[in-house]
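Reader: Hello! Please pick a single part of this structure, look at it closely with me, and then show me how the rest fits around it.

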Amino acid sequence: MPTILITTDYLTPGDEVDAYLTGLGFTTRHDPMRGPRRPDDLVAALAGAEGALIANEPMTEDVLSRAKELRAVVRTGVGYDSVDVAAAARLGITVSNLPGINANAVAEYTIGLLLAQARGLVPMAAGVAAGRWPRTDGHELRGSTLGLIGRGAVAARVAPLAAAFGMRVLCTGELPAPVTRVTLDELLRDSDYVSVHTALTPRTRHLIDAAALARMKPGAHLINTARGPIVDEAALAEAVRTGRLAGAALDVVDVEPLPERSVLRGVEGIVVYSHMAGQTAEARQAAGLDGARELVAALDGRPAHPLTKEIA
């Protein structure tokens, strides 16, 4: 039976996913991704593997072309911008993701970030830890406007949660009521909180640039739980530093972990988290098992969510 490489860091030898795969006769090899990995190291990890269950591995054309045995790749999540899907299709490698698998986890986390920004929870806790007793007024979500950039499963889950807090919800895509569809310019102009929920593509890279930030409502907050490069970090740091925006909560950044010299460090009002929006125990369990099932199906020639289907 084929060998499967597993790089998702929360999947471990002997766990439920491992038991499922080995129970079907597959050989598993765990090489968790816990930071940047050189292309040669990834090629070495892929040696002899016909299937790969991956995290945000940089599956470039160079890497894929040197993984001679590889036939199927499955992302244990939704985003797949780290995989060159077109190159995989040319090489006959199936690539799948798991659409909507962690939508509820990300939606709840997004609401948490909204509350944290509105009430200044992170700086307040930091102040108490430093021996102070900060008593700065926060803001209620009720009566404010939330703008959702994107129309996928996460945005669809965030909208009713925000509405339950009494927020007016705008979106750049079609979502069920009580959401109002608007243009991006209208959303930026009218929203007290702008939350990013779109995929990273050449079109959306730096979608939130200096010009977009300048169109945002003065004193607004930016939330990003999608992909770091959608936001121009230097422009964002400047917008918050100068007081044009009140702040930002970023679960994702351009380079992860956040570099020591990042322009985001030290900017009061910007809080960076460690890309944990989709990582709940429930979402991880679902992603691991669904990813394993998708990989088995892909190796059998019947993937349910093949990203390569339309361009093969």
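Author: Let's start at His275, which sits in the loop leading from E12 to helix H11 (281-299). This is a predicted model, so please read every value below as computed from it. The backbone of His275 deserves a look: its phi is near 50°, a positive value in a residue that is not glycine. Is the residue buried or exposed? With a relative accessible area of 21%, His275 counts as partly exposed, because buried would require a value under 20%.

From this loop you can walk in two directions, and each leads to a sheet. Going back, you reach strand E12 (270-272), which is one of the edge strands of its sheet and pairs on one side only. That sheet is open and has seven strands, in the order E8-E7-E6-E9-E10-E11-E12, with parallel pairing. The other edge belongs to strand E8 (179-181). From one strand to its neighbour the turn averages 20°, direction ignored.

In the interior of this sheet, strand E6 (residues 145-149) and strand E9 (residues 193-196) pair in the parallel sense, with four bridges between them. If you want a landmark there, Leu146 stands opposite Tyr193 in E9. E9 also pairs with E10, again parallel and over four bridges, and here Val194 stands opposite Leu222 in E10. As a general point, side chains in a regular strand alternate between the two faces of the sheet. Strand E10 (residues 221-224) shows it nicely: His221 and Ile223 point one way, Leu222 and Asn224 point the other way, and all are buried. On the E8 side, helix H7 (residues 153-164) lies across E6, strand E7 (168-171) and E8, and it runs at about 175° to E6.

Two loops of this region contain a cis peptide bond. One is the bond from Ala177 to Pro178, with omega near 15°, and Pro178 lies in the loop between E7 and E8. The other is the bond from Glu256 to Pro257, with omega near -5°; Pro257 belongs to the loop between strand E11 (247-250) and E12. There is also another histidine with a positive phi, His206, at a value near 55°. His206 lies in the loop between E9 and helix H9 (210-215) and is partly exposed, with a relative accessible area of 34%.

Now go forward from His275 instead. Helix H11 lies across E1, E3, strand E4 (72-75) and E5, running at about 155° to E3. Those strands belong to an open sheet of five, ordered E2-E1-E3-E4-E5 and paired in parallel. Strand E2 (27-30) and strand E5 (94-96) each have a single partner, so one side of each is left without a neighbour in the sheet. The twist here averages 15° from one strand to the next. E1 and strand E3 (residues 49-54) run parallel and are joined by four bridges, with Ile4 standing opposite Gly51 in E3. Helix H1 lies across E1, E2 and E3, at about 150° to E2.

One more residue by this sheet is worth a stop. Thr7 is found in the loop between strand E1 (3-6) and helix H1 (16-23), and it is buried, with a relative accessible area of 1%. A polar atom of the Thr7 side chain lies 3.1 Å from the backbone nitrogen of Ala55. Beyond its sequence neighbours, Thr7 touches several residues, including Asp31, Pro32, Arg37, Leu53 and Glu57.

Finally, stepping back to the whole protein, there are eleven helices and twelve strands. The radius of gyration is 21 Å, close to the 20 Å that the globule rule gives for 312 residues, so the protein is as compact as a globular protein of that length. Along the principal axes, its C-alpha atoms fill a box of roughly 60 × 45 × 30 Å. Buried residues make up 48% of the 312. Of the contacts with a separation of 6 or more, 62% join residues 24 or more positions apart.

Terms used. Residues are numbered from 1 along each chain as its sequence is written. This is a predicted model: local features need pLDDT of at least 70, side-chain atom pairs count only at pLDDT 80 or more; totals for chains, interfaces and linings use all residues. Side-chain values use heavy atoms; hydrogens and water are left out. Buried means under 20% relative accessible area, exposed over 50%, partly exposed in between (1.4 Å probe, protein chains only). A polar contact is a pair of N or O atoms within 3.5 Å; within protein, one must be able to donate a hydrogen and the other to accept it, and residues adjacent in sequence count only if both atoms are side-chain atoms. Contact means heavy atoms within 4.5 Å. Two strands pair if DSSP finds at least two bridges between them. Axes are lines fitted to C-alpha atoms, for helices over the stretch in contact, and angles run from 0 to 180 degrees between N-to-C directions. The radius of gyration is taken over C-alpha atoms; the globule rule is 2.2 Å times the number of residues to the power 0.38. Lists of a residue's contacts leave out its neighbours within four places in sequence.
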